[in-house]
Amino acid sequence: MSNLDKSTALSLLRQMMVIRDFEETADKLCLRGKVPGGMHNSSGQEAVAVGTLSAIAKDDVIATTHRSHHHTLAKGYSAKSVMAELFTKATGISHGRGGSMHLAEVTEGHFGGNGIVGAGVGIAMGAALGIQHIGDKKIAVGFVGDGGMNTGRTWESINMASIWKLPLIILVDNNQYAVETFVGRVTGGGDLAKRASGFGLPAYNIDGQDVLEVRKYVTEARERALAGEGPTFINALTYRYYGHNVGEKGQYRTQEEIAQWRTTQDPIDKFTGVVISSGFATQAEVDELRASVRKEIDEAVAYAESSPEPEIASITQGVDSGKLGVQL
Amino acid sequence: MTTEVKAVTPTYSEAFQSGVREEMNRNKKIFILGTDLVERGGHFAQVKGIAQEFGLKQVRDAPISEAAMVAAGMGAAMYGCHPIVDLNFIDFSLGAMDEIINQAAKIRFMFDRPVPLVIRATSGVALGGAHHCNSLESFFAHTAGLSLAVPSTPMDVKGLIKTALRNEDPVVFLMHKKLSGIRGEIGDENYFVPFGKAKTVKAGTDAAIITYGYSVVTATKAAQALEAEGISVEVIDLRTLYPIDQDAIDAAVTKFGRVVVLDEAPLFGSITAEIAATASERNFKSLKGPIVRVGAVRAPLSANPAMSEAAIPSVDQISKAVKQVMSY
């Protein structure tokens, strides 16, 4: 816990609380039909998002997955703009065109969630190539789930990043279930870091429920990338508390297993313990923090509810530039 | 005695080199990525010598990873570069279809971010069998967000690639393999061919053949043969399939009322179907009879040269189609 100061600690804790409250609130709203097309709840995975995004620069690039509310909130986007996008409103981060799976703000380095498993690492790898080509001092992070670890193109991209020493971090947000399929049943060799190390890059299996551990590994990986030493693979073991999609009634795991993770491995509980034992806050102050988060999420819902729908007349606007036909 | 040295005009492939060189000289954010580009210069010498002139940062030899190649180009394009991903054969794009159709084509619409990316490949029927002779134009033209160039001359290759590289849209740039070695004049550095502007290759007074790519050659041969029989056929080269020159198609339909649409793709669901259907919707009363489509049989291409030739339109078939429309 070296270098952890009070303001950083409270910021990390608050961000994780924002994600949890956002997801649990959005989940209920989704069941009430407020989120067209449904959503993927990331509750339980907060430390992976906050540990990673707190360790990179604001204008570093991320590209992510179908489950990306937590990455987007941790990158610093307001609960309002993310909630409004879940509601597919004009004020949403993707102006209602993206929805829950396609949160993005490319000009600021958020290269998007994705509806296709395994697509994010490739896009982040491409961004890292752009960074290297232009010579900027930035990095890219490609988030991928355990499901995406079995798509061939993810490994094509990891290989390409390795041979060209691209400034990339491959961050496996490993919640252990690809929809209903347990990672252990479909992972040849069993060890993802070992698999990755065959591509010639440093690869680690880490505790994704420990925000400080994630932050530490990402910080080191970012330094390597900036030094021109190439990509790093980080497999952060975590757990999702809810189904793959909202409303899922899966029988593929036991209630005992979920309860075990919630009660002994919860990333917010664990880090709250660190914050209190380090003397950064009292329990009462932690409760106040939670109350302020509650208020923020309530405001986000009100904002999303009251926001306008996108203009239907715009449905064909912005498909292409329309300028290829101009005689130069 | 005067010696007249007749300068040798560039080939179709050299025209591509010329356009790319000129644009790379003025824009360092253009780079080329693909397999076997540095030494071999690509399978059709389309980038021969460019690596030696511009260096290995501007021309990258990639592993045979089509999905990652396109992802690399797309991510770098989103970041601010203008990559040319050279797949050599368009058949190989099928390993990157998600990157092309789900990702690159849709990013501008969803995220309001241009994707200035050229995907170059050689297309069309020649020897090589079922996996090197696909005509996939309709896949790409069907996809909102993609533009599609199909030049038939060195002049148009250079003029169109320069336009593509001055714009910001994802462009699929298809060069027909049987045209690789043809020679012709090319424009200077200020010569650009806009997308969506067809060209009349041969004027005529009785009927029109609307086509593109290598079929411009077979159509012209058919038109010449028909001239001897007293039938004057106009040959129109579309040059790009999206945007498509609907004005030129409308003009041909209304002027002649007798139209043949020709390409090398299997007829079912092809570009020729699109052109004929749209023409009948827009100008049915101008037609003297049905538009006749000429295309390939519904079968994979065979390796046997005679079988391969038999699968695609012959000069005789095209002549027969013209005679059919002349019979109305």
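I will go through the contact between the chains, then the domains and the sheet of chain B, and finally one helix pair in chain A.

Please keep in mind throughout that this is a predicted model.

Let me begin with the place where the chains meet, where 42 residues of chain B are in contact with 38 residues of chain A. On the chain B side, the elements that give two or more residues are α3 (66-79), α4 (97-104), α5 (107-111) and α7 (154-166), and the largest share, ten residues, is supplied by α3(B). If we sort that side of chain B by class, we find 21 nonpolar, eleven polar and ten charged residues.

Turning to chain B itself, the chain is divided into domain 1, residues 12-179, and domain 2, residues 199-326, and the C-alpha centres of these two domains of chain B are 27 Å apart. Between them, 22 residues of domain 1 of chain B are in contact with 23 residues of domain 2 of chain B. On the domain 1 side, α6 (137-141), β5 (147-149) and α7 of chain B each contribute at least two residues, and the residues of that side are twelve nonpolar, seven polar and three charged. We have therefore met α7(B) at the side of chain B that touches chain A and again at the side of domain 1 that touches domain 2.Next comes the sheet of chain B, an open one in which seven strands run in the order β2-β1-β3-β4-β6-β5-β10 with mixed pairing. Which strands stand at its edges? They are β2 (59-61) and β10 (240-242) of chain B, and because each has a single partner strand, one side of each is left without a neighbour in the sheet. On average, and ignoring direction, neighbouring strands of this sheet are turned by 20 degrees against each other. Within the sheet, β5(B) and β6 (residues 171-176) of chain B pair in the parallel sense over three bridges, and Leu148(B) stands opposite Val172(B) in β6(B). Packed on the sheet is α3(B), which touches β1 (30-34), β3 (82-89) and β4 (118-123) of chain B, and the direction of α3(B) makes about 160 degrees with that of β3(B).

I will finish with a helix pair in chain A, namely α2 (residues 46-53) and α9 (residues 211-226), whose axes come within 7 Å and cross at roughly 40 degrees; the crossing of α2(A) with α9(A) is right-handed. From α2(A), the contact is made by Ala47(A), Val48(A), Val50(A), Gly51(A) and Thr52(A), and from α9(A) by Val211(A), Val214(A), Arg215(A) and Val218(A). By class, this contact of α2(A) with α9(A) has six nonpolar, two polar and one charged residues.

Notes
Residues are numbered from 1 along each chain as its sequence is written. Chains are lettered from A and ligands numbered from 1 in the order in which they are written. This is a predicted model: local features need pLDDT of at least 70, side-chain atom pairs count only at pLDDT 80 or more; totals for chains, interfaces and linings use all residues. Two residues are in contact if their C-beta atoms, placed from the backbone, lie within 7 Å. Helices (H or I, at least four residues) and strands (E, at least two) are DSSP runs, numbered from the N terminus. Ala, Val, Leu, Ile, Met, Phe, Trp, Tyr, Cys and Pro count as nonpolar, Asp, Glu, Lys and Arg as charged, and the others, Gly among them, as polar. Domain bounds come from an automatic or database domain assignment. Two strands pair if DSSP finds at least two bridges between them. Axes are lines fitted to C-alpha atoms, for helices over the stretch in contact, and angles run from 0 to 180 degrees between N-to-C directions. A crossing is left-handed if the near helix is turned anticlockwise from the far one by less than a right angle, and right-handed if clockwise.
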